[in-house]
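I opened the notebook today to look through a new model, one feature at a time. Here is the structure I had on screen.

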Amino acid sequence: MMMMGFAISDEFLGTFVPIMVYWVYSGMYIYLGSMERYRLHSKVDEDEKNLVTKSAVVKGVLLQQTLQAIISVILFKWKKLFEITGSDDADAASTTQHFSLLLLARQFIIAMLVIDTWQYFIHRYMHLNKFLYKHIHSQHHRLIVPYSYGALYNHPLEGLLLDTIGGALSFLFSGMSPRTAIFFFSFATIKTVDDHCGLWLPGNPFHVFFSNNSAYHDVHHQLYGSKYNFSQPFFVMWDRILGTYLPYSLEKRASGGFETRPIKVSKDE
């Protein structure tokens, strides 16, 4: 790809486009979050219940994205160095558009299943292990009331284990090219931001096609849901298979907006 006379590699775009998408998409939700009718928590709750300042969240996310960018560049270069198949352009020229779409769909599905599986088990273990929760994962749960640009507010080690390694595995196992990775990781970024946006928007396609959505993840961020709904960012299959799925109802608040309520809670809660 050429821009202003300079060649911009797919590896570069695959690394930095998702970062740009994160902040642009978060900005959209900041605007929508000013409207109480869409919120899962009131603005007052967001300001009073969260245990970390918004400036600290922004700094934490920027650190996380810097580390991810460095590792992503290394990963792309490593894959390119050891690539033994023909170039993507040659492959594309010798295939039909129909086959290319099927290949893209297959790679997306594999990548989604890989990252979901990895993140479920790492995420769940970080809750069950008291040491890991106290010293690492509890940082993310300082956001009792999640909001969009706090989606990647994690301890750096958690970011490495959960997001960076999970993303690397999905990239390698799916066999996607750096160009395909631009679209997949941008899509995954948008989905992650949406899950943490703290809003319930009418007609949101993520709410239509995915049971794992902003309300589902909001349950997990509440005290009653800390042992449930570990799945992220796409499907809820592991929660259902392993008994950590907590159903909920979505009710309108008298003051505007919505509220998630658990339908049932285990006896030990």
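These are my entries, from the whole chain down to single residues.

**Entry 1: the whole chain**

I noted before anything else that this is a predicted model. I looked up the secondary structure and found 11 helices and 4 strands in the chain. Next I checked burial: of the 269 residues in the chain, 49% are buried. I also asked about contacts along the sequence. Taking contacts between residues at least 6 apart, I found that 67% of them join residues at least 24 apart.

**Entry 2: the nonpolar cores**

Which residues touch the most other members of the largest nonpolar core? I got Tyr29, Val57 and Phe184, in a core of 35 residues. I then listed the elements that give two or more residues to this core: helix H1 (10-32), helix H3 (54-81), helix H5 (97-128), helix H7 (156-174) and helix H8 (178-195). The largest share comes from H8, with 5 residues. A reminder to myself: in soluble globular proteins, nonpolar side chains tend to be buried together.

I also found a second core, separate from this one, with 10 residues; among them are Leu40, Val219, Tyr228 and Val236.

Back to Val57, to see what surrounds it. Setting aside neighbours within four places in sequence, I found Val57 in contact with Val52, Leu143, Tyr147, Tyr149, Gly150 and Tyr153.

**Entry 3: H1 against H8**

I wanted to see how H8 packs, and I began with H1. For any such pair, the angle between the axes and the distance between them are the two things to look up. The axes of H1 and H8 come within 8 Å, crossing at roughly 20°. Angles under 35 degrees count as roughly parallel, so H1 is roughly parallel to H8. I recorded the crossing of H1 and H8 as right-handed.

Then I went through the residues that meet. On the H1 side they are Asp10, Glu11, Leu13, Gly14, Val17, Pro18, Val21, Tyr22, Tyr25, Ser26 and Tyr29. On the H8 side they are Pro178, Arg179, Ile182, Phe185, Ser186, Thr189, Ile190, Val193 and Asp194. Sorted by class, this contact of H1 with H8 has 12 nonpolar, 4 polar and 4 charged residues.

**Entry 4: Ser26, from that contact**

Ser26 caught my eye, as a serine in helix H1. Is Ser26 buried or exposed? Its relative accessible area is 1%, so Ser26 is buried. Beyond its neighbours within four places in sequence, Ser26 is in contact with Val21, Ser148, Tyr149 and Val193.

**Entry 5: H7 against H8**

I then turned to H7. Its axis and that of H8 come within 11 Å and cross at roughly 135°, which means that H7 is oblique to H8. This crossing is right-handed. I found Gly167, Ser170 and Phe171 of H7 meeting Pro178, Ala181, Phe184 and Phe185 of H8. By class I noted 5 nonpolar, 2 polar and no charged residues in the contact of H7 with H8.

**Entry 6: backbone oddities**

I like to check the backbone, since most residues other than glycine have a negative phi, and most peptide bonds are trans. Which residues does a cis peptide bond join here? They are Gln232 and Pro233, with omega at about -5°. I placed Pro233 in the loop between helix H10 (214-221) and helix H11 (237-241).

Asn229 also lies in the loop between H10 and H11. Asn229 is not a glycine, yet I found a positive phi of about 55° there. Its relative accessibility is 0%, so Asn229 counts as buried.

**Entry 7: two last residues**

I looked up Thr260, which lies in strand E4 (residues 258-262). Thr260 counts as buried, at 6% relative accessibility. Ser249 is 11 residues from Thr260 in sequence, and their C-alpha atoms are 5.7 Å apart. Not counting residues up to four places away in sequence, Thr260 touches Leu40, Ala215, Asp218, Val219, Tyr224, Tyr248, Ser249 and Leu250. I was glad to meet Leu40 and Val219 again here, as I had listed both in the second core.

My last stop was Tyr133 in helix H6 (residues 130-135). Tyr133 is partly exposed, with a relative accessible area of 28%. Leaving out residues up to four places away in sequence, I found that Tyr133 touches Met126, His127, Ser138 and His141. I also looked up His123, whose C-alpha atom is separated by 9.7 Å from that of Tyr133.

Key
Residues are numbered from 1 along each chain as its sequence is written. This is a predicted model: local features need pLDDT of at least 70, side-chain atom pairs count only at pLDDT 80 or more; totals for chains, interfaces and linings use all residues. Side-chain values use heavy atoms; hydrogens and water are left out. A nonpolar core is a set of buried Ala, Val, Leu, Ile, Met, Phe, Trp, Tyr and Cys residues joined through side-chain atoms within 4.5 Å. Buried means under 20% relative accessible area, exposed over 50%, partly exposed in between (1.4 Å probe, protein chains only). Contact means heavy atoms within 4.5 Å. Axes are lines fitted to C-alpha atoms, for helices over the stretch in contact, and angles run from 0 to 180 degrees between N-to-C directions. Angles under 35 degrees count as roughly parallel, over 145 as roughly antiparallel, 65 to 115 as roughly perpendicular and the rest as oblique. A crossing is left-handed if the near helix is turned anticlockwise from the far one by less than a right angle, and right-handed if clockwise. Ala, Val, Leu, Ile, Met, Phe, Trp, Tyr, Cys and Pro count as nonpolar, Asp, Glu, Lys and Arg as charged, and the others, Gly among them, as polar.
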